Amino acid sequence: MTNTEQAIIEQAVAWHLASLGDAMDWDGFTQWLEADPRHRAAFDEVALADALIADHPEAMPPVEVANDDWRGDDALPTPRKGLFSMRWAGGAIAASLVAVLAVWQFAPGSTVTYSTGMESREIALEDGSRIELAPHSKLKIEGREEERMALEGGAWFDIRHDPSRSLAITAGALEISDIGTQFDIQSAAGQVRVQVAQGELRVSSEALGKPLRLAAGHGVTFDPAGGTAQVATLPSGRAGEWRDGRLSFDAAPLPLVAADLSRYAGVKVSVAEDVRNRRFTGTLVIRDGKAALRDLSQLMDLELGRHGDGYRLEPRPR
Amino acid sequence: MKPFGPGHTMVPDENAAQVTGLAQVLVEHRAELLRFLTARCGNAAEAEDLLQELWIKASRQPSGPIGDGRAYLFRMANNLVLDALKMQRRAMARDRKWIVEETGMEGQAEDRPDPAASAEEEIARRQEAEMLRKAVASLPPGAREALRLYRFEGISQTEIAQLLGISRSGVEKHLALAMKHLRRSPADCGFYNAVASGNMGTPGGQVPPAGQVT
């Protein structure tokens, strides 16, 4: 999404919220609508989404504590001024319970962990940034400004650039920081790949001599075995392409390809010892896991055998 | 909805004398309301229709104290557009679904019998709810709480600010984030026809940087 579209949506939301109140500037709103046809389209979407919410109270989960790993005592906030001095009418007691829970959720130092099963999931951050967490992945978000994250698996990040915020993402042995806009991270069994689609970021690690700057159209693959990081340019559209149902590899070790297929195509696949050093270059369509696996075995001239409740890539019998 | 031919409307112009109450306010602000409706629905003929509907509603309104009649009419007009839009989108989604499922081909909605609309709608409702549940679940806690209090507990933005111990603008930020996030879901699920939203933020729509082909 471009910045202009973001800005239009934000304006549409602001107008929508204002239109529900008493102090709405209807003339200003008319002029805003007239200024650009995209304004009307954006407003339609926002108003329709809000109407849907109002139509479906059952979509709202009951009061809950959202923190997956809720750490009782040390996450307790200091009581906020005003919360306990409020006067409550009889019926407001339930609402006050909601409020106390809600305030706890915002406590500094609280951790929220998102994890996915078969399907990917979108996570919205407070500042308008978006993350699409890949299937079978886990993302831990910490800090008052959601500034510390740890990823296992894959995720696409669309981060609003804010120089005043020191956002850092840990993936395997790498730390990704100084972040602007769109990039993809894949982290499995120590192997980490970072691919930048827009903007740039910094990649550092104790295993690396000095930090790397990675700009749009570039990717880095970190291999913990050799402690090496390999930077390469990316074909356009490559970063985050799993979201479009494709996976591309450039001389990628077979175990890594297998790990990706297991994550994205939902097929369990292992690699026989003899072929673990083979490398694969090409693109796999992952909508159908078994088909992707067949493609891979044919392209690599490998035998696809059953192994436990999954598959195994093996050398062809001579 | 439009008893007279195109270009005609029952709404009297500014010189009409015999109307009172809200209808009178409408007559006074007819031009501005029409301009708003045109901008809001993007179609002059539809705007005329909606103004007509607004006129009927306003005329039926028992005359009583209304704080700001003009703002009240604008709000009514705004709601009329939204209602029309909701009906239109639902009908489009239903037609498209029916045409694909029953005939396997595109066709005119008028050519076919009623496709058991109520059963379809029940299914659509359940799918909508499921889709929303997912979208709401992926909101950050702050935005989700603000949305719950605002939309489901009916608590005003100022009261939410007090309850959560945050500023009024903080509440606005939470609500804005929630709606910004949720507005993607109807289109993503193919519910509301994505015509209006296809160019706005589908996940696959990211434009990769040009000129990076190796």
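**Exercise 1.** Decide whether F74(B) is buried or exposed in this predicted model, and then work out which kind of aromatic pair F74(B) forms with W26(A).

*Solution.* Begin with the relative accessible area of F74(B), which is 0%. Since buried means under 20%, F74(B) counts as buried. The same step for W26(A) gives a relative accessible area of 2%, so W26(A) is buried as well. Next, take the geometry of the two rings, whose centres lie 5.6 Å apart with 15° between the planes. Because planes under 30 degrees apart count as stacked, the pair of W26(A) and F74(B) is stacked. Finally, place the two residues: W26(A) belongs to helix α2 of chain A and F74(B) to helix α4 of chain B, so the pair joins two chains.

**Exercise 2.** Classify the ring pair of W26(A) and F36(B), and find which helices it links.

*Solution.* The count of aromatic pairs over all chains comes to 12. In the pair of W26(A) and F36(B), the ring centres are 5.5 Å apart and the planes stand at 80°, so this pair is edge-to-face. It crosses between chains, running from helix α2 (residues 26-35) of chain A, which holds W26(A), to helix α2 (residues 30-41) of chain B, which holds F36(B). Both W26(A) and F36(B) are buried. As a last step, look at the wider setting, where ring pairs join W26(A), F36(B) and F74(B) into a cluster that also includes W15(A), F29(A), W32(A) and F43(A).

**Exercise 3.** Determine how helix α6 (residues 141-152) of chain B is oriented relative to helix α8 (residues 168-182) of chain B, and list residues through which they meet.

*Solution.* First consider the axes of the two helices, which come within 8 Å and cross at roughly 95°. That angle makes α6(B) roughly perpendicular to α8(B). Then turn to the contacts, in which G142(B), A143(B), A146(B), L147(B) and Y150(B) from α6(B) meet H174(B), L175(B), L177(B), A178(B) and L182(B) from α8(B).

**Exercise 4.** Starting from L147(B), trace its contacts and describe the nonpolar core to which it belongs.

*Solution.* Leaving aside residues up to four places away in sequence, L147(B) touches I53(A) and M60(A) in chain A, and L139(B), F152(B), L175(B), A178(B) and L182(B) in chain B. L147(B) is also, together with F29(A), L54(B) and L73(B), among the residues with the most contacts inside the largest nonpolar core, which has 69 residues. Helix α4 (residues 69-103) of chain B gives the most to this core, namely 9 residues. Apart from this core lies another, of 31 residues, including A272(A), L284(A), L293(A) and M300(A).

Notes:
Residues are numbered from 1 along each chain as its sequence is written. Chains are lettered from A and ligands numbered from 1 in the order in which they are written. This is a predicted model: local features need pLDDT of at least 70, side-chain atom pairs count only at pLDDT 80 or more; totals for chains, interfaces and linings use all residues. Side-chain values use heavy atoms; hydrogens and water are left out. A nonpolar core is a set of buried Ala, Val, Leu, Ile, Met, Phe, Trp, Tyr and Cys residues joined through side-chain atoms within 4.5 Å. Buried means under 20% relative accessible area, exposed over 50%, partly exposed in between (1.4 Å probe, protein chains only). Helices (H or I, at least four residues) and strands (E, at least two) are DSSP runs, numbered from the N terminus. Contact means heavy atoms within 4.5 Å. Rings of Phe, Tyr and Trp (its six-membered ring) pair if their centres lie within 6.5 Å; planes under 30 degrees apart count as stacked, over 60 as edge-to-face and the rest as tilted. Axes are lines fitted to C-alpha atoms, for helices over the stretch in contact, and angles run from 0 to 180 degrees between N-to-C directions. Angles under 35 degrees count as roughly parallel, over 145 as roughly antiparallel, 65 to 115 as roughly perpendicular and the rest as oblique.
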